[in-house]
Amino acid sequence: KTWPSRDSILEMCVACGERHGLDEKTRFNTSLEKLEVKGDTLNGGHYELHLTTEDASETLKVSALISCPGTFYNPIDIKWPGRDEFGGYVCHGSYDSINYDKLKDATVCIVGHGGFTIENVRTCVERKAKKIYVVCRHRHLAGPKMVSWMVSGAAVPLPGPYVVEAFQMMYSLLGVDVWAHPVVNANADRSSAILTQTTTFGVTDIYFLACYYKVCEIVNGEIEKLSKGKVILTDGKELECNVIMKCLGSTGATDFDEIIGFQFYQGWWVNGDPLLPVVAPAKGVQAKNFAGFSLAPGYAGMIVTNRYILDDPTRFLGVRDWLPKTTKDDHYECNYIYKGSHVLATMVILQGQFPDLTAELAEADKLKAEKHMKAHPLEKHLSECLAEWKMYIKMMKDHGQIAADAEEIEYPYTKENIEEISARAEKTILEDYEKAMAKMAKKAGKA
C-alpha cells in the first residue's frame with residue numbers, strides 16, 4: 001500500500017526483525033544507566049555498559065556502542081494566562097493526547113507550524129472541524145506528495161532549484177512565492193538553492209486544499225493570553241476558538257548526555273570516538289540536494305558510514321579533526337541532538353576523503369530509488385494522489401466545511417509536468433557530473 005497503516009508498518013518491522021534473527025538478540029525493558037570506558041578501546045580496551053531491568057542489574061562488556069536515543073520523548077509545553085477563563089478544550093497535537101470527539105464543529109487553533117501541525121490539519125478536516133487557525137512565528141514549508149515522490153525516486157539527490165520549482169506548482173494555489181520564502185537561499189540565476197528550516201517537511205496535499213478553501217488560515221504571531229472562547233495574540237489580534245492544539249515540537253532524552261559521558265561531538269561521534277556513533281534525527285532541514293523528505297534515507301547513509309568506520313576505526317583518525325565539532329553546553333540538556341547542517345558537513349568531508357564510501361552510499365541511493373519506483377510507479381502514484389485530492393474536496397463539501405457548489409480546484413501535478421521537471425533535473429545532474437570529472441582529469445594532468 002502507498003500509505004500503510006501504523007499497525008501494518010509495525011507488523012512488517014516485527015516480521016523483518018524475526019527473519020534476520022534480531023528477536024533473539026534484542027532485549028526489551030532494559031535501560032542503559034551508564035557507560036564506562038576501560039583502557040584504550042582501539043588497543044585492547046573495552047566499554048562497560050551498566051544495565052538495569054525491573055528487577056535486576058548487570059554489566060555488559062562491549063567493543064563498540066551505536067546509540068539511537070531518538071528525540072521524541074515529551075511534547076514541549078506552553079501555559080498561557082487565562083486558561084480557566086478560556087473554557088474550551090486544550091491539548092497537545094501528538095502523543096495520543098487528542099480527544100477527537102472535541103473536534104466536531106469546533107473552531108480549532110493549532111499552535112506551531114511543524115510536521116505535527118500539518119498532520120493535524122488533516123485530522124481536523126476529517127473530524128469535521130468548522131474552522132482551523134494555525135498560529136505560528138514562522139510559516140515553514142510543507143512537502144506536496146508528488147514532490148516527496150520525486151525526491152524519493154531519484155537515484156541521485158535532486159538539486160534544490162528543482163525541488164523549489166516543484167513546490168511552487170502547489171504553493172501557487174495559495175499565492176505564495178516559494179523562491180521568496182525565507183527558507184530558500186538561491187543564487188541570482190536560481191541555478192543553486194539551499195533550503196533551511198528548523199523542522200522537516202511535513203508531507204501533505206490536504207493542508208494545501210484546506211488553506212485554498214479557507215478552511216485553514218495561517219496567522220503569523222504568538223499567543224499572549226487566553227480569554228473566554230478566544231486566543232489573544234501579542235499584536236492584539238483576537239481569534240475566536242473553542243479548541244487549542246499545541247504542536248510545539250518535542251524534547252529529547254534529558255539524561256542521555258550524562259549516560260554516554262558526552263563532552264563534544266566530532267561529526268556524530270561522541271568525544272571523537274570512532275566506536276561511539278550516535279544516530280539521532282537531525283534538527284530541521286538544511287540541504288541543497290534532496291534524496292527524500294523522510295528520516296529513513298538519512299539514517300541509511302549514517303548506518304552505511306558507521307559500518308564503514310567500525311570495520312576499520314583507524315580510517316576515522318585521519319579525518320577526525322576535519323569534522324565539524326560541537327562542545328557540550330551545560331545549560332542545554334540534550335546536546336546529543338545535532339543540526340542538519342552538522343550532518344551535511346560531516347557527510348561532505350567523509351565522502352571527499354573516502355571514494356569507496358562514496359561509491360557505497362551512491363549504490364544505496366540507487367537501490368532506494370529502484371525499490372521506490374518499482375513499488376510506486378508514476379502513473380499509479382499520481383492517480384492515487386489525484387483520487388485523494390478529489391476525495392478530500394468531496395469530504396469538505398459533505399461536512400459543510402465548504403459550499404456544496406464550491407469550485408473543484410484542479411490537482412497541480414500531471415504526468416507531463418512531473419516528467420518534464422524530472423528530465424531537466426537529470427540533465428543538470430549529468431552536466432554537473434561531467435564538469436566535475438573534467439575538473440578532476442585536468443587536475444590529475446597537472447599533477
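Here is a short back-and-forth on how the labels in this predicted model are justified.

Me: What should I know about the model before we start?
Reply: It's a predicted model, so local features need pLDDT of at least 70 and side-chain atom pairs count only at pLDDT 80 or more, while totals for chains, interfaces and linings use all residues. Residues are numbered from 1 along each chain as its sequence is written, and side-chain values use heavy atoms, with hydrogens and water left out.

Me: How many helices and strands does the protein chain have, and what makes something a helix or a strand?
Reply: The chain comes to 13 helices and 21 strands. Both are DSSP runs numbered from the N terminus: helices are H or I with at least four residues, strands are E with at least two.

Me: How do you know whether the radius of gyration agrees with a compact globule?
Reply: The rule is 2.2 Å times the number of residues to the power 0.38, with the radius taken over C-alpha atoms. For 447 residues that gives a value near 22 Å, and the protein chain has 24 Å, so the two agree. Along its principal axes, the C-alpha trace spans about 70 × 60 × 45 Å.

Me: Why is Phe 86 called buried?
Reply: Buried means under 20% relative accessible area (1.4 Å probe, protein chains only). Phe 86 has 3%, so it counts as buried. It sits in helix H2 (residues 83-86). Leaving aside neighbours within four places in sequence, its contacts include Leu 226, Lys 230, Cys 241 and Ile 244, where contact means heavy atoms within 4.5 Å.

Me: And what makes Gln 168 buried?
Reply: Its relative accessibility is 16%, so Gln 168 counts as buried too. Gln 168 is found in helix H5 (residues 160-171). Not counting residues up to four places away, Gln 168 touches Val 176, Asp 177, Val 178 and Trp 179. Across the protein chain, buried residues make up 44% of the 447.

Me: Why is strand E6 described as largely enclosed?
Reply: In E6 (residues 107-111), 5 of the 5 residues are buried, so the rest of the structure largely encloses the strand. Thr 107, Cys 109 and Val 111 point one way, Val 108 and Ile 110 the other way, and all are buried.

Me: How do you know which strand E6 pairs with?
Reply: Pairing needs DSSP to find at least two bridges between two strands. E6 and strand E7 (residues 131-136) run parallel and are joined by 5 bridges, so they pass the pairing test. One of the partners is Val 134 in E7, opposite Ile 110.

Me: What makes E18 and E21 edge strands?
Reply: The sheet is open, with 3 strands in the order E18-E17-E21 and antiparallel pairing. Strand E18 (269-270) and strand E21 (325-327) each pair on one side only. Strand E17 (residues 264-266) pairs with E21 over 3 bridges, and Tyr 265 has Thr 326 in E21 as its bridge partner.

Me: How do you know at what angle H10 and H11 cross?
Reply: Axes are lines fitted to C-alpha atoms over the stretch in contact, with angles from 0 to 180 degrees between N-to-C directions. By that reckoning, helix H10 (residues 340-353) and helix H11 (residues 355-375) cross at roughly 115 degrees, and their axes come within 5 Å. Residues that meet include Met 347 and Leu 350 in H10, and Leu 357 and Leu 361 in H11.

Terms used:
Buried < 20%, exposed > 50% of the residue type's maximum accessible area, 1.4 Å probe, protein only.
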